[in-house]
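This report describes selected features of one protein chain. The sequence and coordinates come first.

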Amino acid sequence: MSNKTNTPKDTHYAKLRRAFRDEKSGGAPAFKPRQPVPPGENAGDGLVRLYGLHTVRAALDNPRRRIKKMLVTRNAAERLEIADLAALPFTAELVEPRDIDKITGSDAVHQGVLIEAEPLKPKRLDALGDTRLVLVLDQVTDPHNVGAILRSAVAFGAGALITTARHSPQESGVLAKSASGALEHIDQIEVKNLADALGQLHEAGFQTIGLDSDGPAELETSFAGDRIALVLGAEGKGLRQKTRETVTTLARLDMPGAIRSLNVSNAAAVSLYAARKFLGQ
């Protein structure tokens, strides 16, 4: 029985011999990177496509969500604890990951599952209920940001997200994936005129606080009352002038570091934490 071990010198000569053989035979096969797959056509009949394990699990558990079709890999079905696809109340098909890639595009992190469903219907402002904390977005259009804001809103117990009918992203796979299931856990209220909606919030007893990097007061010292609506503007533009004139208070997040502003989704998370802490006192 041989106890011979390879030395660094042996390894070096083995590499040289392999390189010589490759050169003699025409060279080693060239590396071919995987070609990206572009997204397919949008779902028809007014449906939306949602994907990702957390997103789909939350949709399955939401009685308000009307799912029409599912594509799922064997591994994803196991992780979602779906034992029998035939028992689901909608069409479900076992597929390979590449089959979903053809629909979402290969850049989408679908985690092996996709559903086609009816979008959730936005609620009216008069259906707000007795929640004490809401978020208002003034023309925030990036679906990644809105999805991340939804996730923070649910995490901190906000009762609703209020957006305008125009200049706001529609429900989509990108938004839902960024929300990581939060889309199914919070009321979304759509309004035509934000200034009018802020007036209605005032009548309902809300203090409306507009987040502005040049706000005259620190956010933590601005809270008053027992109902708070945090109002955030779009990246770069911030709050519109009419919104600034309508909110109860303009406040800033005091940041002592070299960077004086935050991404809108990060600002939402910090503001929600501060508001929830105040309301819990």
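The sections below cover a parallel sheet, its helices, a strand pair and some side-chain contacts.

## The seven-stranded sheet

The model is predicted. It contains an open sheet of seven strands with parallel pairing, in the order β7-β6-β5-β10-β8-β11-β9. The edges are formed by β7 (187-191) and β9 (217-218), each of which pairs on one side only.

At the β7 edge, β6 and β7 run parallel and are joined by five bridges. One residue pair in this register is T164 with its bridge partner V191 in β7.

## Helices on the sheet

Helix α5 lies across β5 (133-138), β6 and β7, and runs at about 170° to β5. Helix α9 also packs on the sheet, where it touches β5, β8 (207-211) and β10 (228-233). The direction of α9 makes about 165° with that of β10.

## Aromatic pairs

The count of aromatic pairs comes to two. In one of them, F156 and Y273, the ring centres are 6.2 Å apart and the planes lie at 70°; an angle over 60 degrees counts as edge-to-face, so this pair is edge-to-face. F156 sits in the loop between α5 (143-155) and β6 (160-164), while Y273 belongs to helix α9 (residues 264-279), so the pair ties together parts that are 117 residues apart in sequence.

Neither ring belongs to a buried residue: F156 is partly exposed, with a relative accessible area of 25%, and Y273 is partly exposed at 48%.

## Strand β1 and helix α2

Strand β1 (residues 48-51) has V48 and L50 pointing one way and R49 and Y51 the other way. This fits a general pattern: in a regular strand the side chains alternate between the two faces of the sheet. All four residues of β1 are buried. The strand runs antiparallel to β4 (residues 113-117), and four bridges join the two. Within that pairing, R49 has E116 as its bridge partner.

Helix α2 (residues 53-61) has L53, T55, V56, A58 and A59 as its buried residues. Their cover includes β1 and β4, together with β2 (67-72), α3 (74-79) and α6 (173-179).

## A buried threonine in α8

T243 is part of helix α8 (residues 241-246). Its relative accessibility is 3%, and the limit for buried is under 20%, so T243 counts as buried. Which residues does T243 contact, leaving aside its neighbours within four places in sequence? They are D138, L194, L198 and V231. Of these, D138 falls within the residue range of β5, and V231 within that of β10.

Key
Residues numbered from 1 in each chain as written. Predicted model: local features only at pLDDT ≥ 70, side-chain atom pairs only at ≥ 80, totals over all residues. Heavy atoms only, no water. Buried < 20%, exposed > 50% of the residue type's maximum accessible area, 1.4 Å probe, protein only. Pairing = 2+ DSSP bridges. Contact = heavy atoms within 4.5 Å. Phe/Tyr/Trp six-rings, centres within 6.5 Å; stacked < 30°, edge-to-face > 60°. Axes fitted to C-alpha atoms, helices over the stretch in contact; angles between N-to-C directions.
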